Amino acid sequence: MSVARPGGVLAIMGASGAGKTTLLNSLLFIKSDKLNITGSRITNGQTATPSNITAVSAYVQQEDLFIPSLTVKEHLLFQAKLSLNLNDKERLERVNEVMNQVGLTKVADVMIGGEKLKGISGGEKKRLSFALAVLTNPSILFCDEPTSGLDSFMVSSIMDLINELARSGKTIICTIHQPSSQIFSRLDKLLLLAEGETAYFGATAEAKKYFSSINLPCPEDYNPSDYFIQTLAIVPGREAECREQVKHFIK
């Protein structure tokens with residue numbers, strides 16, 4: 001049984017095709033009618049349904065659709081009018097609070113921009129995605145590869161934000177693609193997937209010890225996340241051999 005708790009970051013990792021995004025989508029009931037799902041999804045002690053999971057969560061997707069000609073504040077105010085039952089003054093206060101929380105105050109009046117219109121940076125757009133998600137103050141944040149496409153500085157900045165949101169009492173569940181060793185060490189819990197099955201679930205800091213216990217020690221000075229993913233990957237041309245190794249994890 002895998003459990004994500006308030007105040008922590010649960011990272012879902014695995015090789016391409018392991019089922020990371022499929023798992024995330026199934027937790028949110030996205031395209032779940034096309035999946036054969038077994039087991040239970042529990043939220044706050046109750047069986048999860050599309051309505052009760054939506055009521056307490058938000059989804060930060062890899063790509064968000066913004067209106068390029070709007071400023072950061074205008075876009076957030078527009079979203080606030082759609083999602084918050086507040087008066088104009090209260091909405092503005094909430095938007096200002098969120099911009100401060102995610103570090104967007106300095107670019108509040110800058111256009112978002114797009115392919116043909118200069119605007120905020122890629123890292124700031126990712127922060128805007130988080131701002132839109134936390135506008136309604138959800139208890140749970142689901143994030144699909146929030147660091148993809150960003151340089152190392154921006155990745156570190158986004159991880160700072162994710163950890164700050166977790167420390168504020170939120171439950172963060174994210175898929176993440178081959179983080180650096182520095183970023184990996186900042187994840188609280190780790191769920192490793194292989195062939196759609198759980199290969200490891202537990203504290204990130206204990207993962208190396210577990211792999212050593214099954215005679216697959218991570219080499220010294222090697223990025224643990226790279227090693228785990230390579231160990232669990234199904235390599236073309238070596239499918240039978242790789243699947244045999246993966247069986248050690250998913251008995």
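**Exercise 1. Two helices that cross**

Task: In this predicted model, the axes of helix α3 (residues 72-83) and α4 come within 10 Å and cross at roughly 125 degrees; work out which class of crossing this is, which hand the crossing has, and which residues make the contact.

Solution. Begin with the angle, and recall that 65 to 115 degrees counts as roughly perpendicular while angles over 145 degrees count as roughly antiparallel. The crossing angle is roughly 125 degrees, and α3 and α4 are therefore oblique to each other. Next comes the hand, and the crossing of α3 and α4 is right-handed. On the α3 side the contact is formed by V72, K73, L76, L77, A80 and K81, which meet R91, L92, V95, N96 and M99 of α4. Sorted by class, this contact of α3 with α4 consists of 7 nonpolar, 1 polar and 3 charged residues.

**Exercise 2. The other partner of the crossing**

Task: Carry out the analysis for helix α4 (residues 88-102) and helix α5 (residues 122-134), and state how the residues of their contact divide by class.

Solution. The axes of α4 and α5 come within 9 Å, and they cross at roughly 135 degrees. That angle makes α4 oblique to α5. As for the hand, α4 passes α5 in a right-handed crossing. From α4 the residues R94, V98, Q101 and V102 take part in the contact, and from α5 the residues R127, A131 and V134. Divided by class, the residues of the contact of α4 with α5 are 4 nonpolar, 1 polar and 2 charged.

**Exercise 3. A helix and the strands around it**

Task: Determine which residues of helix α1 (residues 20-27) are buried, against which strands they pack, and what the surroundings of L24 are.

Solution. The buried residues in α1 are K20, L24, N25 and S26. These buried residues pack against β1 (9-14), β4 (57-60), β5 (140-144), β6 and β7 (189-194). Now take L24, which is found in helix α1. With a cut-off of under 20% for buried, L24 counts as buried because its relative accessibility is 0%. When residues up to four places away in sequence are not counted, L24 touches I12, Y59, F142, C143, D144, I173 and T175. By way of contrast in position, L24 and R186 stand 162 residues apart in sequence, and their C-alpha atoms are 21 Å apart in space.

**Exercise 4. Buried or partly exposed?**

Task: Decide whether T171 and G169 are buried or partly exposed, and list what each of them contacts.

Solution. T171 lies in strand β6 (residues 171-175). Its relative accessible area is 8%, so T171 is buried. Once neighbours within four places in sequence are left aside, T171 is in contact with A4, R5, P6, G8, S139, I140 and L141. G169, by contrast, lies in the loop between α6 and β6. Here the relative accessible area is 40%, so G169 is partly exposed. Not counting residues up to four places away in sequence, G169 touches P6 and G7. G169 and I140 are 29 residues apart in sequence, and the distance between their C-alpha atoms is 9.2 Å.

**Exercise 5. Positive phi angles**

Task: Locate N137, E145 and F29 in the chain, and give the phi angle of each.

Solution. As background, most residues other than glycine have a negative phi. N137, which is not a glycine, nevertheless has a positive phi of about 55 degrees, and N137 sits in the loop between α5 and β5. The phi of E145 is likewise positive, near 45 degrees, and E145 belongs to the loop between β5 and α6 (152-167). E145 also counts as buried, because its relative accessibility is 13%. Finally, F29 comes just after α1 and takes a positive phi of about 65 degrees.

**Exercise 6. The chain as a whole**

Task: Judge whether the radius of gyration of the chain agrees with that of a compact globule, and describe the overall make-up of the chain.

Solution. A compact globule of 251 residues would have a radius of gyration near 18 Å, and the chain has 19 Å, so the value agrees. Along its principal axes, the C-alpha trace spans about 60 × 40 × 30 Å. The secondary structure comes to 10 helices and 8 strands, and 43% of the 251 residues count as buried. Among contacts between residues at least 6 apart in sequence, 67% join residues at least 24 apart.

Terms used
Residues are numbered from 1 along each chain as its sequence is written. This is a predicted model: local features need pLDDT of at least 70, side-chain atom pairs count only at pLDDT 80 or more; totals for chains, interfaces and linings use all residues. Side-chain values use heavy atoms; hydrogens and water are left out. Axes are lines fitted to C-alpha atoms, for helices over the stretch in contact, and angles run from 0 to 180 degrees between N-to-C directions. Helices (H or I, at least four residues) and strands (E, at least two) are DSSP runs, numbered from the N terminus. Angles under 35 degrees count as roughly parallel, over 145 as roughly antiparallel, 65 to 115 as roughly perpendicular and the rest as oblique. A crossing is left-handed if the near helix is turned anticlockwise from the far one by less than a right angle, and right-handed if clockwise. Contact means heavy atoms within 4.5 Å. Ala, Val, Leu, Ile, Met, Phe, Trp, Tyr, Cys and Pro count as nonpolar, Asp, Glu, Lys and Arg as charged, and the others, Gly among them, as polar. Buried means under 20% relative accessible area, exposed over 50%, partly exposed in between (1.4 Å probe, protein chains only). The radius of gyration is taken over C-alpha atoms; the globule rule is 2.2 Å times the number of residues to the power 0.38.
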